[in-house]
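Please open the model in your viewer and keep the selection tool at hand. The tour below goes from one selection to the next and says what is to be found at each stop.

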Amino acid sequence: MSPTSKWLGLATVWLIVSVIAVLNPLAAIVWMGLGAVFGGLLLIDGLLLLAYAPMKVERRLPGRFALGEAGEVRLILKNSGKWIAKVEIFDGVPQGATATGMPWGGVIPVGGEARIFHPVRLFERGEKVFGPVHVRRTSPIGFWARKTYHLEPQTVRVYPNYEPVIRFALLAMANRENPLGIVHRSLAGTSREFHQLRDYRDGDPLSQIDWKATSRRQILISRDFQEQRNQSVVFLLDTGRRMRAMDGDLPQFDHALNAILLVSHIALKQGDQVAVKSFGGTERWLPPVKGAHAMPVLLNHLYDYQTTAAPSDFAGAVEQLMARQRRRSLVIVMTNLRGEDGKELVPAMQVLKTKHLVLLASLKERSISDSVESPVESFADALKYLAAGRYMSEREEILRELGALGVLSLDSTAQNFAVALANRYLDIKAAGRL
């Protein structure tokens, strides 16, 4: 129990009267009388506050939070006592979160309740803990305030923001994939397998006509094809220190996770299976999953991935993956390429390519591109320009070397990375490379 500003104001008045009481004996009697009255009020007010029936508090959290997206938290406060409750409430949100609706203050009538809905944004993935709810209740006269804590800590899961995945699914259902930037190129080739027979449509190539079925039915019949199914896509994900670089509001690692979710959604819809292997301080493995249940499995596996300060051991990661994944797959190596990686990365990708189709998907910092494109107005700008240019040329040299060995590559900024990787996957499927 602590004094309020009203209590402090009363004490200030009493002290002022005490100064007058020193000079005037009559005022001293008034001062002592006021002190007795004030003391009695403070005592009665404090005892009433201690006698209040405790508030009943309930908290309902969303089933899951998406990184950076607002989740609605519900608080229900019930006043079962015989006095109105003037309260101020603060929810025990996790450290680093934002809760724009907190603190909340109001009056709850006798036998009534207050329902508070406030948005909470969490900016780190993984498991986060909501602590006890803090309730600060003021006494009837207002001289005292008492803080109480309600509810046990509650743990929630913060998942990657997979809104682009949901948006793609909705657009695909409406047969409108282009607004997202994903282009499904339907090319004839070895990647397509027979699906069904159907009536001939204007524009069908002659090679697609089934002449035996046509002769039987006496109308033109075409073969309908679909992309090959039941192929494997494996993400080899770098969790080392290089993926901690911030790009916009998120680290590059979170942009990589969003790309994994988008490509996985597309691959699973096409009947392929998806696996994830991490390296660089976090050594985890999700065996290939397939079917309608696979996206929740993938989300529950990825949501608490964290980057580490460890270096990225490409050779060790390739060795472990080769031992685990024996079936030929499209292996997408996700990292932030550096010039010093050449000596280790190139041999590792060469070994991986002996069994799998390899795509090196590298995130590049937008700040580096901005440094090259910005005007040079000072000596410091010149040094920055030269450093950025050398950084980019070293990356390009490694990519050229990998391309000469038959390793596919993608080098994109974080903002375009997910859609660019999805398009590259569709190109590989359409070309029959896998």
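Begin by selecting Leu-43, which has its place in helix 2, the run of residues 25-51, and bear in mind throughout that the model is predicted. Leu-43 is exposed, because its relative accessible area is 55% and the cut-off for that term is over 50%. Now add Met-1, Leu-47 and Leu-50 to the selection, since together with Leu-43 these residues make a nonpolar surface patch of about 420 Å².

Next, select strand 2 (56-60) and strand 6 (98-99), the edge strands of an open sheet, each of which pairs on one side only. The sheet is formed by four strands in the order 2-4-8-6, with antiparallel pairing. To look at one of these pairings in detail, show strand 4 (residues 70-78) beside strand 2, to which five bridges join it in an antiparallel run. Within this pairing, pick Glu-58 and then Ile-76, its bridge partner in strand 4.

For the last stop, turn to the largest pocket, whose volume is about 660 Å³. Which residues should be selected to find its centre? Of the 32 residues that line this pocket, Leu-67, Leu-250, Asp-254, His-255 and Asn-258 are the closest to the centre. The selection can then be widened to the elements that each supply at least two residues of the lining, namely helix 3 (163-173), strand 15 (246-247), strand 16 (250-251), helix 5 (252-269) and helix 11 (414-431).

Key
Residues numbered from 1 in each chain as written. Predicted model: local features only at pLDDT ≥ 70, side-chain atom pairs only at ≥ 80, totals over all residues. Heavy atoms only, no water. Patch = residues over 30% accessible without salt bridge, like charges linked within 9 Å, V, L, I, M, F, W, Y side chains within 5 Å. Areas by Shrake-Rupley, 256 points an atom, 1.4 Å probe, with all protein chains shown as cover. Salt bridge = Lys/Arg side-chain N within 4 Å of Asp/Glu carboxyl O. Buried < 20%, exposed > 50% of the residue type's maximum accessible area, 1.4 Å probe, protein only. Pairing = 2+ DSSP bridges. 1 Å grid on protein atoms, 1.4 Å probe; cavity = no way out; pocket = protein on both sides within 12 Å on 5 of 7 lines; lining within 4 Å. Points joined across faces, edges and corners; volume = space filled by probe spheres on them.
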